[in-house]
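Colleague: I should like to learn how to read the features of a model that is new to me. May we go through them one at a time?

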Amino acid sequence: MKNLKTRFYPFLQKGKKIILILLYNLYVHIFKCHEKKVLIASNTKNNLYGNLLYIYEELKQYDYDIQIMLTDEKSFWKKIQYEFKILYHVATSKYILIDDFFPLMYVLKIRKGTKFIQVWHALGAYKKVGYSRKDIKNENSLTHKNYTDAIVSSDSIIANYAEAFGINKEKIHALGIPRTDLFFNEDIINQKRENIYEQYPILKNKRVILFAPTFRGSGRKSAHYPESYINLKNIYENLKENEIFIIKLHPFIKNAISIDKGFKDKIIDLTSYYDINDLLLVTDLLITDYSSVIFEYSLMEKPAIFYVPDLEEYDQSRSFYYDYQEYMYGTIAKSQGELIQNMQHVAIDSNKIEKFKEKFLNKCDGKATKRFVEELILK
């Protein structure tokens, strides 16, 4: 029975896709596009945060009909209901905003005059994505190619995103990234810090070390992080009395790193905490690898360790937009021994951080959300 399902699954998926396209075209034919309707949609989130949340909050002060459609691994029938509903909103919205990969959208012929805007969830240009990747090359794919607009954090990386999405450079706008506005607002920073301390009192008055690696694998289904890369017993034995070690894995990773009960007074897993930017506000040392969190974190000008035991392998299979050294404003550790050694002795190179921010974040100034709404919606 399982073999039959596997054999016929591609045909069922193709049939479903045809039905959805026909339904969408019917909606376009029957219903008008509403000039002041904005669809905010996600294929990977079940709650609103990041760029989409910041844009939503800014748009609320204007007279727009804002529809929010979120999903995250729903049951088969709920997924179908979601897709039928979202097709109607795509057909009738003047503005469609997404912040991640969204397969359903790419097979649709977006209505002429409608803006289909990608507000990509990651900053900068670090590990290669989309059509830039070495391991994924399909020139005939429709993925990403129907965006009318996309935004980036700096002028210098417009060409990188044009290549990644397979669209013209003229469609890429260096307006800054809305979610970075947080780092320029002291009142919100202080409020969010207090909220985190209330929720996790164990963090207060401690040196917080945040371990936030990205996933390995080709995508959502194969995403994982090798547990052999991190020895929590070693970490625990080398933590000082006033230190807490937070694990925050990429949302795609479903298998948590197991934490021994005896370590939980100093090592906690906050992977389920939805927005890593909030956690950065209470972080004293970031440990990461190829995650775009390095861009947001650079705005705080705090110590970082780039823990990359598989650097050569990762570079060959996935590769980077620029020479790896251009990203390194922190200390590099290629083994667990080097990681442990550097956790207590991390230097900050202010010149490197400034050069890094100028290259990758020169449009992130606390006004990115306002600029986005004014340039791509109100105009």
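Modeller: We shall take salt bridges, a helix, the nonpolar cores and a pocket in turn. Please keep in mind that this is a predicted model.

Colleague: Let us begin with charged side chains. How many salt bridges does the structure hold?

Modeller: A salt bridge pairs a side-chain nitrogen of Lys or Arg with a carboxyl oxygen of Asp or Glu, within 4 Å. The structure holds 18 of them. One joins Asp 155 to Lys 363, with the closest N and O atoms 3.9 Å apart. This pair links distant parts of the chain, the two residues being 208 residues apart. Asp 155 is in the loop between strand S5 (149-152) and helix H5 (158-165), while Lys 363 is in the loop between helix H12 (350-360) and helix H13 (368-378).

Colleague: Are Asp 155 and Lys 363 buried, partly exposed or exposed?

Modeller: The term buried applies under 20% relative accessible area and exposed over 50%, with partly exposed in between. Asp 155 has a relative accessible area of 40%, so it is partly exposed. Lys 363, with 28%, is also partly exposed.

Colleague: Which salt bridge pairs residues of one helix, H13?

Modeller: In general, an α-helix has 3.6 residues a turn, so residues three or four places apart point the same way. Here, Glu 374 and Lys 370 both lie in helix H13, 4 residues apart, which is about one turn of the helix. Their side chains meet in a salt bridge with an N to O distance of 3.4 Å. Glu 374 is partly exposed at 32% relative accessible area, and Lys 370 is partly exposed at 44%.

Colleague: Salt bridges may also share a residue. Which residues are linked with Arg 179 in a network of salt bridges?

Modeller: The network links Arg 179, Asp 275 and Glu 296. Within it, Glu 296 and Arg 179 meet at 3.3 Å, N to O. Glu 296 lies in helix H9 (residues 293-298) and Arg 179 in the loop between strand S6 (172-174) and helix H6 (186-199), so the pair ties together parts that are 117 residues apart in sequence. The side chains of Arg 179 and Glu 296 also make a polar contact.

Colleague: Is Arg 179 buried or exposed, and what is it in contact with beyond its neighbours within four places in sequence?

Modeller: Arg 179 has a relative accessible area of 10%, under the 20% cut-off, and therefore counts as buried. Glu 296 is buried as well, at 2%. Leaving aside neighbours within four places in sequence, the contacts of Arg 179 include Gly 50, Asn 51, Tyr 54, His 121 and Leu 123. Asp 275, Ile 276, Asn 277 and Glu 296 are also among them.

Colleague: Let us turn to a helix as a unit. How many residues of H5 are buried?

Modeller: To read the cover of a helix, one counts its buried residues and then asks what lies over them. H5 is mostly covered, with 6 of its 8 residues buried. These are Ile 158, Asn 160, Tyr 161, Ala 162, Ala 164 and Phe 165. Their cover includes strand S4 (115-118), S5 and S6. Just after H5, Gly 166 has a positive phi of about 70°.

Colleague: How should I read the nonpolar interior, and which residues touch the most other members of the largest core?

Modeller: One looks for buried nonpolar residues that are joined through their side chains. The largest nonpolar core has 104 residues, and those touching the most other members are Ile 86, Met 105, Tyr 126, Leu 203, Tyr 324, Tyr 327 and Phe 372. Ile 86, for example, touches residues including Leu 39, Ala 41, Met 69 and Phe 102. Another core, of 28 residues, lies apart from the largest one and includes Ala 223, Ile 253, Ile 305 and Ile 340.

Colleague: Finally, what lines the second largest pocket?

Modeller: A pocket is read from its volume and from its lining residues. The second largest pocket has a volume of about 270 Å³ and is lined by 15 residues. Tyr 54, Glu 57, Leu 182, Ile 188 and Lys 192 lie nearest its centre. Helix H2 (51-59) and H6 are the elements that give two or more residues to this lining, and the largest share, 4 residues, comes from H2.

Terms used
Residues are numbered from 1 along each chain as its sequence is written. This is a predicted model: local features need pLDDT of at least 70, side-chain atom pairs count only at pLDDT 80 or more; totals for chains, interfaces and linings use all residues. Side-chain values use heavy atoms; hydrogens and water are left out. Buried means under 20% relative accessible area, exposed over 50%, partly exposed in between (1.4 Å probe, protein chains only). A polar contact is a pair of N or O atoms within 3.5 Å; within protein, one must be able to donate a hydrogen and the other to accept it, and residues adjacent in sequence count only if both atoms are side-chain atoms. Contact means heavy atoms within 4.5 Å. A nonpolar core is a set of buried Ala, Val, Leu, Ile, Met, Phe, Trp, Tyr and Cys residues joined through side-chain atoms within 4.5 Å. On a 1 Å grid over the protein atoms alone, a cavity is a set of points where a 1.4 Å probe fits but cannot get out, and a pocket is an open set with protein on both sides within 12 Å along at least five of seven lines; lining residues have an atom within 4 Å of a point. Grid points are joined across faces, edges and corners, and a volume is the space filled by probe spheres set on the points.
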